[in-house]
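Let's take a walk through this model, one region at a time. Keep the viewer open and follow along.

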Amino acid sequence: MMKKKSIPASKPLLILFLCQIISALDVPLDSKLLEELSQPPTITHQSPKDYIVDPRENIVIQCEAKGKPPPSFSWTRNGTHFDIDKDAQVTMKPNSGTLVINIMNGGKAEAYEGVYQCTARNERGAAISNNIVIRPSRSPLWTKEKLEPHQVREGDSLVLHCRPPVGLPPPIIFWMDNAFQRLPQSERVSQGLNGDLYFSNVQPEDTREDYICYARFNHTQTIQQKQPISVKVFSTKPVTERQPVLLTPTGSTSTKVELRGNVLLLECIAAGLPTPVIRWIKEGGELPANRTFFENFKKTLKIIDVSEADSGNYKCIARNTLGSVHHVISVTVKAAPYWITAPRNLVLSPGEDGTLICRANGNPKPSISWLANGVPIAIAPEDPSRKVDGDTIIFSHVQERSSAVYQCNASNEYGYLLANAFVNVLAEPPRILTPANKLYQVIADSPALLDCAYFGSPKPEIEWFKGVKGSILRGNEYVFHDNGTLEIPVAQKDSTGTYTCVARNELGKIQNEVHLEIKDPTMIIKQPEYKVVQRYGQVSFECIIKHDSTLLPTVIWLKDNDELPDDERFLVGKDNLTIMNVTDKDDGTYTCIVNTTLDSVSASAVLTVVAAPPTPAIIYARPNPPFDLELTGQLERSIELSWIPGDENNSPITHFVIEYEDGLHEPGVWHYQTEVPGTQTTVQLKLSPYVNYSFRVVAVNKIGRSQPSEPSEQYLTKSASPDENPANVQGIGSEPDNLVITWESLKGFQSNGPGLQYKVSWRQKDVDDEWTSVIVANVSKYIVSGTPTFVPYEIKVQALNDLGYAPEPSEVIGHSGEDLPMVAPGNVQVHVINSTLAKVHWDPVPLKTVRGHLQGYKVYYWKVQSLSRRSRRHVEKKILTFRGNKTFGMLPGLEPYSSYKLNVRVVNGKGEGPASPDKVFKTPEGVPSSPSYLKITNPTLDSLTLEWGSPTHPNGVLTSYILKFQPINNTHELGPLVEIRIPANESSLILKNLNYSTRYKFYFNAQTSVGSGSQITEEAVTIMDEAMASRQVDIATQGWFIGLMCAVALLILILLIVCFIRRNKGGKYPVKEKEDAHADPEIQPMKEDDGTFGEYSDAEDHKPLKKGSRTPSDRTVKKEDSDDSLVDYGEGVNGQFNEDGSFIGQYSGKKEKEPAEGNESSEAPSPVNAMNSFV
């Protein structure tokens, strides 16, 4: 029986979906085939829907399309035909639909304002572009107004209104002073979203006469300036403090509507003294993590990429020491239409069925309408094979005349989506795209894949035969893939031979032959072995191989998985690697890798370098132990210890360590007490009650510690009540119905007296209960039984002895035993971000059902299968733990183009709760890894043979390989780059028509539909013509050439002698004339007209301001005067103010510079030039 990839019968919905896909033809990405097949038009590039143009430049409206035959283009303007032939200012680019409207030669942009739509048409249908709205940008002048000075009392609030002119697009607002310095902003003074300048309270330092609002218009490259505003603050003593009052927004509530995917900006600015602090909350929820930002000193709440879940009430609270005020903004998130399933091109055979699906979502729900070739489908020519069912068009028994381009329009009040999708009905006889007589070489016992890439309409049937007169191949030893490939899972020597692929449909039949050769595997029969060698010795590793006689192996040695060091000590032989004069840095792992064009094997061994025997040196030793210990000054809680140091043994003593023994509680056990510097021989020691002390001293130098000294005499301190209580008190239940109270027992000397016991007390938290207590001894744990599951308890443990209690202990909070969580997280959602990363969301479980400390959530996920190979594998589940009450997490390291499952579980201290239902998600295709190898063989005079291996990780369906190469000359300069696209089923290529004796560099990578993968490079050289090589060698042996070289040498010698004689005669050198002729360009003379030195001028011309511009009194702006001046924002260019106070300049660098006028480079740079590139 033939093996075919099958669909599980238990999934009828999946079967229906796959049948829709299978019913459509897949057109292979073969360039020759694509050039021959007819295709309806497809829009490939168009201008944006809302197109704001510069009124001073030509308007270019993009419209590019492809099709077979090439499409023709036409335009509509405001819903009617736009005859470009009747307008001398409008031209269409050749072989394109792009319009160019000539504005720079007399046209006016306002005359061409309107709605444009492009149509691309050929005999198979018509595609249309979006409605492109053309609007010229506008930068109107500021309305003239008389501004009265603001006189404000200290501590009052103030708003300086900007009210910029309405432009298209809206201007960017900023406030500066008369010296073009940015006005400082803070929590007290800041600019609002509307451009106004808000003072929460004014201070005397706010008095000034040059508050100036600037409006920058991007498209017209202009900056407009408002008249300066004067503010005078007068002081009153004392200054009255004020509660917060909102300056904006007004009232207690307001509303805001924002579109899905946009940035939500909410603003609250308050007056008050002291300056209020702003805080934001979302009522009934939390601000979204990772998408929330605070700007303008927390006065602006910014949420990026908003969704419908961000709708709700947002409250801003302004607070100072006198009180607070709040404002609630009700936010509603609407949505322009966005795709759920955009219609896709459909290629069908005559008589086949298919569907176009157009599904979109939005808020409100968008309406779906269909067009055929740009005409509403209700009035389009009838097609009996077509039936419209809401968002789906169903095609039945299509014919070639059914080819057309269909447009789906999804629209609501916030926008629209327009998508073109063609139905292309083709009737084509079978074609085999795999080259004839292609040779496949495979290692024995490996799978062999014989390609038979094909195309035809209807889809051809594929059969394989072996030998010239062989029968059709069947049986379990073969796998027949849907793309025509024949797979021999385990190729043997008897699999060698010629295989014939036959493709047939009702329009014809074609066949192709390919050849298969089976090679012996490459083996390392003598592997390198572990070696130990002394420093400066010699070592050798063997690597003896056996390989197929028709394959040429290459042997590569690596050190620690990297290239061998570029060192002449490393000698690589045919079967071994030898290292001479071994050093410590040669220590590591050495690997022998054997590569052929078909397989690769490797073996490794470790080299350990050891030191030679050490040379004799000065003997340094640990110090001798101290002696003659003496106790003096005995008190209840302290005593003085002194000693005599022992011999240092050639290494100075750095410090002494004092240890003690408690003969009463822990006899024979010595504890660390303290340490002192090596120059000190006495120490005052602190003591504890009820301890029988003995002391000893240890000396320490750089070599180590001495032996301990002999113990001192014993000293017994008096008893007392405990000074401290047990540490590390905890209450943790071991079972759902108990509470285990534990603590660290006091050490013997901490008991301070006989009869040490512990008073353990507990009571349930937040319940009006009395303390329950018990006194225990000689234990560090007490179990309270019969408790409810996971409730908090207050716990304390107090030490006591025969002399009394320790101080009152502090309380700690513990919990009774945990139980497993009861419920699983709900509403698990997966958002695939890219081919290797996904984001999973879930709803948190109610805390009451956790029944323990919420430690987090665990996400179990595993790969079900690869979508490219459709082969299942051993399921290896991966687990990611997200600590705390997180409701989302990222799943990294996914494999592209694969199907995954996951579930989520909540975790407490007892364990995991039940799993959520398995969620299935798929990763899209990614770019492939680099080809596994690239080998260049068989060099000739004008050709090279390239062989390569497919990527180890295709990460999708390979579409092609890209080969780029260029010649390299003797100076390592690169020549022109040539690019070749190779079908994905190829594994070798012969490059012909190359230059002889030329080095070429090759760059090679694979492609999927997503893009190109990483490339590998290789270099190779074509061989030299032997006849030319001999001519190049023979010229040096010719007699005439030898004579010519001798004559040149003699002439050079005579010239050197003449120069030497003239130099010794003391010839003069005209230094002064040389210096005058070549004056130092950096030494400039003084100007004759004003006696000042000429200034160095940069490449930009600086022109003075015209009447109406504002500059400082000294006519200059120094950059060092402020860290935030306009000159800090980019290079200056020519610009000037108009007489009305507006500023017009080139801050985008689009125009060419005007020629310099006069000697303007000596003037101070105009501050206006600095403004040109601001903001």
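Contact, as used here, means heavy atoms within 4.5 Å.

## Threonine 945 and the loop before it

With that in hand, start at threonine 945, which touches Lys935, Ile936, Thr937, Asn938, Leu989 and Ile990, leaving out residues up to four places away in sequence. Threonine 945 sits in strand S80 (residues 944-951); strands here are DSSP runs (E, at least two residues) and are numbered from the N terminus. At a relative accessible area of 10%, threonine 945 is buried, a label that means under 20%, with exposed being over 50% and partly exposed in between (1.4 Å probe, protein chains only).

One of those contacts, asparagine 938, lies in the loop between strand S79 (931-937) and S80. Asparagine 938 is exposed, with a relative accessible area of 52%, and has a positive phi of about 55° although it isn't a glycine.

## Where the model comes from

Before going further, note that this is a predicted model: local features need pLDDT of at least 70 and side-chain atom pairs count only at pLDDT 80 or more, while totals for chains, interfaces and linings use all residues. Residues are numbered from 1 along each chain as its sequence is written, and side-chain values use heavy atoms, with hydrogens and water left out.

## The largest nonpolar core

Now for some greasy territory. A nonpolar core is a set of buried Ala, Val, Leu, Ile, Met, Phe, Trp, Tyr and Cys residues joined through side-chain atoms within 4.5 Å. The largest one has 30 residues, and Ile59, Ile61, Trp75, Ile101, Tyr116 and Ile134 touch the most other members. The elements giving two or more residues to this core include strand S3 (59-61), S5, strand S8 (99-101), S9 and strand S11 (132-136). S9 gives the most, with three residues. Isoleucine 59 touches Val53, Leu99, Val100, Ile101, Ile103, Ala109, Tyr112 and Ile134, again not counting residues up to four places away in sequence.

## S5 and its two partners

Two strands pair if DSSP finds at least two bridges between them. Strand S5 (residues 72-77) pairs with strand S9 (residues 114-122) in the antiparallel sense, over six bridges. S5 also runs antiparallel to strand S6 (residues 80-81), joined by two bridges.

Arginine 77 is a handy landmark: it stands opposite tyrosine 116 in S9, and its bridge partner in S6 is threonine 80. The hairpin of S5 and S6 has two residues between the strands, and asparagine 78 there takes a positive phi near 55°.

## A five-stranded open sheet

Further along, five strands form an open sheet with mixed pairing, in the order S48-S56-S55-S51-S52. Its edge strands are strand S48 (531-534) and strand S52 (562-563), each of which pairs on one side only. S48 and strand S56 (residues 600-610) pair in the parallel sense over four bridges. If you want a register mark, valine 533 has valine 609 as its bridge partner in S56.

## Loops worth a click

Two cis peptide bonds turn up in loops. The bond from asparagine 363 to proline 364 is cis, with omega near 5°, and proline 364 is in the loop between strand S31 (359-363) and strand S32 (367-372). The bond from serine 457 to proline 458 is cis too, with omega near 5°; proline 458 lies in the loop between strand S41 (454-457) and strand S42 (461-466).

Is alanine 491 buried or exposed? Alanine 491 is buried, at a relative accessible area of 0%, and is found in the loop between strand S44 (486-488) and strand S45 (497-505). Leaving aside neighbours within four places in sequence, alanine 491 is in contact with Val442, Ala444, Asp445, Ser446, Ala448 and Ile518. Alanine 491 and valine 442 are 49 residues apart in sequence and 7.7 Å apart in space, C-alpha to C-alpha.

Asparagine 290 lies in the loop between strand S24 (277-282) and strand S25 (292-295). Asparagine 290 counts as exposed, at 59% relative accessibility, and its phi is near 70°, a positive value in a residue other than glycine.
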